[in-house]
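Reader: I am a first-year student, and I should be grateful for a close look at a single part of this protein. Please choose one region, follow it outwards to its neighbours, and explain each term when it arises.

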Amino acid sequence: MIVRSLDEIIDTDRDVRPSSGNWESRRLLLKKDGMGFSLHDTIVHAGSEIYIWYKNHLEAVYCIEGEGEIEDINDGETYPIKPGVMYALNGHEHHYLRAHSEMRLVCVFHPALVGAELHGDDGSYPLPEQEP
Ligand code: 9YT
């Protein structure tokens, strides 16, 4: 069994922050934990707009604090996000995530992230090198 608290993760290499300063991802579970998914407690700072396209991953996001919106770029549809709202990117949707106030999001990725992935220019996280 794995038991881990946010306090143990903050300011370690599992606490990932992009240079934009827009968000902070506290990675409670990673690939090396062997669960088949990664689990993050993510903060998106107020006023941030993030372009994302998880072409290599599926992601589910559950909002537990704050308010914002997600815009599906493909069809222009915008959905409000507030505590109790979940969205699942089951179609690798290109989207903008906007935080009207500081949002706290529980995020699950499949396949699991391996560590300190940050968004590339195309908005994605890379896959790890294939094992030989
Ligand atoms: C909701 C979202 O995708 N935010 C960007 C950070 C990401 N969730 C992460 O790595 O925790």
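Author: Two residues are in contact, or touch, when they have heavy atoms within 4.5 Å. The model is a predicted one, in which local features need pLDDT of at least 70 and side-chain atom pairs count only at pLDDT 80 or more, while totals for chains, interfaces and linings use all residues. Residues are numbered from 1 along each chain as its sequence is written, and side-chain values use heavy atoms, leaving out hydrogens and water.

The close look begins at Arg14. This residue lies in the loop between helix H1 (6-9) and strand E1 (15-16); helices (H or I, at least four residues) and strands (E, at least two) are DSSP runs, numbered from the N terminus. Leaving aside residues up to four places away in sequence, Arg14 touches Arg4, Ile9, Ser25, Arg26, Arg27, Leu28, Leu29, Leu30, Lys32 and Asp33. The relative accessibility of Arg14 is 12%, so this residue counts as buried. Buried means under 20% relative accessible area, exposed over 50%, and partly exposed in between, with a 1.4 Å probe and protein chains only.

After Arg14 comes strand E1, which is joined to E2 by 2 bridges, the two running antiparallel. Two strands are said to pair if DSSP finds at least two bridges between them. Asp15 has Arg26 of E2 as its bridge partner, and Val16 has Ser25 of E2. Both of these partners, Ser25 and Arg26, are also among the residues that Arg14 touches. Together E1 and E2 make a hairpin with 6 residues between them, and in its turn Gly21 has a positive phi of about 70°.

Strand E2 (residues 23-29) then leads on to E3, with which it pairs in the antiparallel sense over 6 bridges. Here Trp23 stands opposite Val44 of E3, and Glu24 stands opposite Ile43. In E2, 7 of the 7 residues are buried, so the strand is largely enclosed by the rest of the structure. The case of strand E3 (residues 38-44) is that 6 of its 7 residues are buried, so E3 too is largely enclosed. On from E2, strand E3 also pairs with strand E10 (residues 103-110), in the antiparallel sense and over 7 bridges. One of the matched positions joins Leu39 to Val108 in E10.

These pairings belong to a wider arrangement. In general, strands of a sheet pair through backbone hydrogen bonds, either parallel or antiparallel. In this protein 6 strands form an open sheet in the order E1-E2-E3-E10-E5-E8, with antiparallel pairing. E1 and strand E8 (86-89) stand at the edges with a single partner strand each, so one side of each is left without a neighbour in the sheet.

It remains to place the region within the chain. The protein chain has 1 helix and 10 strands, which run α-β-β-β-β-β-β-β-β-β-β from the N terminus on. Its radius of gyration is 14 Å, close to the 14 Å that the globule rule gives for 132 residues, so the chain is as compact as a globular protein of that length. That radius is taken over C-alpha atoms, and the rule is 2.2 Å times the number of residues to the power 0.38. The C-alpha trace spans about 40 × 35 × 25 Å along its principal axes. Of the 132 residues, 40% are buried. Among contacts between residues at least 6 apart in sequence, 62% join residues at least 24 apart.
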